[in-house]
Amino acid sequence: MAKVKLGINNCFAAKRWPEPEEWSRIIVEEFGLEVVQFSFDLADPLLSKSVRPRISQDIAKVASNFGITICSTFTGLSFYSFNQLLHPNPRIRERALRFCEEAILMTGEMNVKATGGPLGSLSFKDFHDPSRKEYLTDCLIESIQYLSEIASSLGQKFLLWEPTPISRELTETREKARKFYERVNKRAKVPVLFCLDVGHQCLRSGLKEDKDPYVWVKEFAHISPVIHIQQTDGVYDRHWPFTDEYNRKGIIKPEKLIETIENSKAEEVILILEIIHPFEEDENKVLSDLKESVDFWKRKLAG
């Protein structure tokens, strides 16, 4: 039976509590959690090399002093806003690759074992041009395999790829995800694993099973050491909190998700709360929603 832990992605702290002392204190003292996925929305890996190592070491030291384990790092919402490693312009793809290189290096500076995220999105034009789509997909695979060499040289354990519901991001169906996983890992120096998100099965079309988060978890939990959890309605990627208000209209049921993981081939999975409020939301409301969500999941995991 799989071991299931609970943690949180600290993207909630972006623009609000960027200080390591603040987000660490909130996570430990207000939420009672000890496992964190660090979002690069809080620290840019492209900071100068004369500055960044000290920032990385400070983050690691503060987190450790609070008893926090940073299980992985993640590219974050800011990086996801761009086309990244699938951008039509090769100069911009090169810049995205450099970001990923530096993210892996910064992860090493923080003594963290893995990084990842959704790393590419085709333009509408390229997606509908078969030759361009094939070429850019080849570029993406080669880039990730290259990044795996860097991760391996630093002793990191794996890279994470996050399947999204957008067809231009290549792994929106289980069949495409399977093929991607097999292909990228043929020459990867560390395993390229998945970071599933239970809110990402909001496809516009496709098989019914591909729109079911529990089907994805049953099939891929054993290669998804981290699973993002959010409350959602299955229509859009909502990133709602697990509060009474949203649990009434949401489709994510903790008991069913936990049972699915336990009955999968997984040995250990970290459930990472990835709840995203509008930047305009009141900070007290943000903290209240997150605290309620954490308490909700703690009760469910306790049985």
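**Close-up views of a predicted model**

**View 1. Cysteines without disulfide partners.** Cys 139 is buried, since its relative accessible area is 16%, and it is shown here, as is every residue in these views, in a predicted model. A search that covers the whole structure returns zero disulfides. Cys 71 takes part in none, the nearest cysteine sulfur being that of Cys 195 at a distance of 8.8 Å. Cys 139 is likewise in no disulfide, and the nearest cysteine sulfur, which belongs to Cys 100, is 14 Å away. A pair of cysteine sulfur atoms has to lie within 2.5 Å to be counted as a disulfide. Cys 71 is also buried, with a relative accessible area of 6%.

**View 2. Strand E2 and its pairing with E1.** All five residues of E2 are buried, which leaves this strand mostly covered. The side of E2 to which Val 35, Gln 37 and Ser 39 point is opposite to that of Val 36 and Phe 38, and the residues on either side are buried. E1 and E2 run parallel and are joined by two bridges, and Ile 8 of the neighbouring strand stands opposite Val 36 in E2. The path from E1 through H1 to E2 forms a right-handed β-α-β unit.

**View 3. Strand E3 with E2 on one pairing and E4 on another.** Strand E3, residues 69–74, has five of its six residues buried, and is therefore largely enclosed by the rest of the structure. Its parallel pairing with strand E2, residues 35–39, is made through five bridges. Within this pairing, Thr 69 of E3 is the bridge partner of Val 35, while Gln 37 stands opposite Ser 72 in E3. A right-handed β-α-β unit is made by E2, helix H2 (residues 52–65) and E3. E3 also pairs with E4 in the parallel sense, over two bridges, with Phe 74 standing opposite Gly 116 in E4.

**View 4. The largest cavity and its lining.** The count of cavities of 30 Å³ or more comes to one, and the volume of the largest cavity is about 100 Å³. Its lining is made of 14 residues, of which Thr 115, Gly 116, Leu 119, Leu 147 and Leu 159 are the closest to the cavity centre. Two or more lining residues come from each of helix H4 (90–109), strand E4 (114–117), helix H6 (130–153) and strand E5 (158–161). By residue class, the lining holds ten nonpolar and four polar residues and no charged ones. Gly 116, which is among the residues closest to the centre, is also the residue of E4 that Phe 74 stands opposite.

**View 5. The largest pocket.** The space in the largest pocket amounts to about 350 Å³. Of its 20 lining residues, Leu 77, Tyr 80, Asp 237, His 239 and Ile 276 are the closest to the centre. Helix H3, residues 76–80, gives the most to this lining, with three residues. The lining of the largest pocket divides into nine nonpolar, six polar and five charged residues.

**View 6. The second largest pocket and Leu 170.** The second largest pocket contains about 290 Å³ of space, and among its 14 lining residues those nearest the centre are Thr 137, Leu 170, Lys 176, Lys 179 and Arg 183. H6 and helix H7 (174–184) each supply at least two of the lining residues. The lining of this pocket is composed of six charged, five nonpolar and three polar residues. Leu 170 sits in the loop between E5 and H7 and has a positive phi, near 80°, in a residue other than glycine. Leu 170 counts as buried because its relative accessible area is 11%, which is under the 20% cut-off.

**View 7. Positive phi at Lys 15.** Lys 15 is not a glycine, yet it has a positive phi of about 70°. Lys 15 belongs to the loop between strand E1 (3–9) and helix H1 (20–30). With a relative accessible area of 69%, Lys 15 is exposed, whereas Leu 170, the residue with positive phi in the preceding view, is buried.

How values were computed. Residues are numbered from 1 along each chain as its sequence is written. This is a predicted model: local features need pLDDT of at least 70, side-chain atom pairs count only at pLDDT 80 or more; totals for chains, interfaces and linings use all residues. Side-chain values use heavy atoms; hydrogens and water are left out. Buried means under 20% relative accessible area, exposed over 50%, partly exposed in between (1.4 Å probe, protein chains only). On a 1 Å grid over the protein atoms alone, a cavity is a set of points where a 1.4 Å probe fits but cannot get out, and a pocket is an open set with protein on both sides within 12 Å along at least five of seven lines; lining residues have an atom within 4 Å of a point. Grid points are joined across faces, edges and corners, and a volume is the space filled by probe spheres set on the points. Helices (H or I, at least four residues) and strands (E, at least two) are DSSP runs, numbered from the N terminus. Ala, Val, Leu, Ile, Met, Phe, Trp, Tyr, Cys and Pro count as nonpolar, Asp, Glu, Lys and Arg as charged, and the others, Gly among them, as polar. Two strands pair if DSSP finds at least two bridges between them. A crossover is right-handed if, with the strands pointing away from the viewer, the path from the first strand over the helix to the second runs clockwise.
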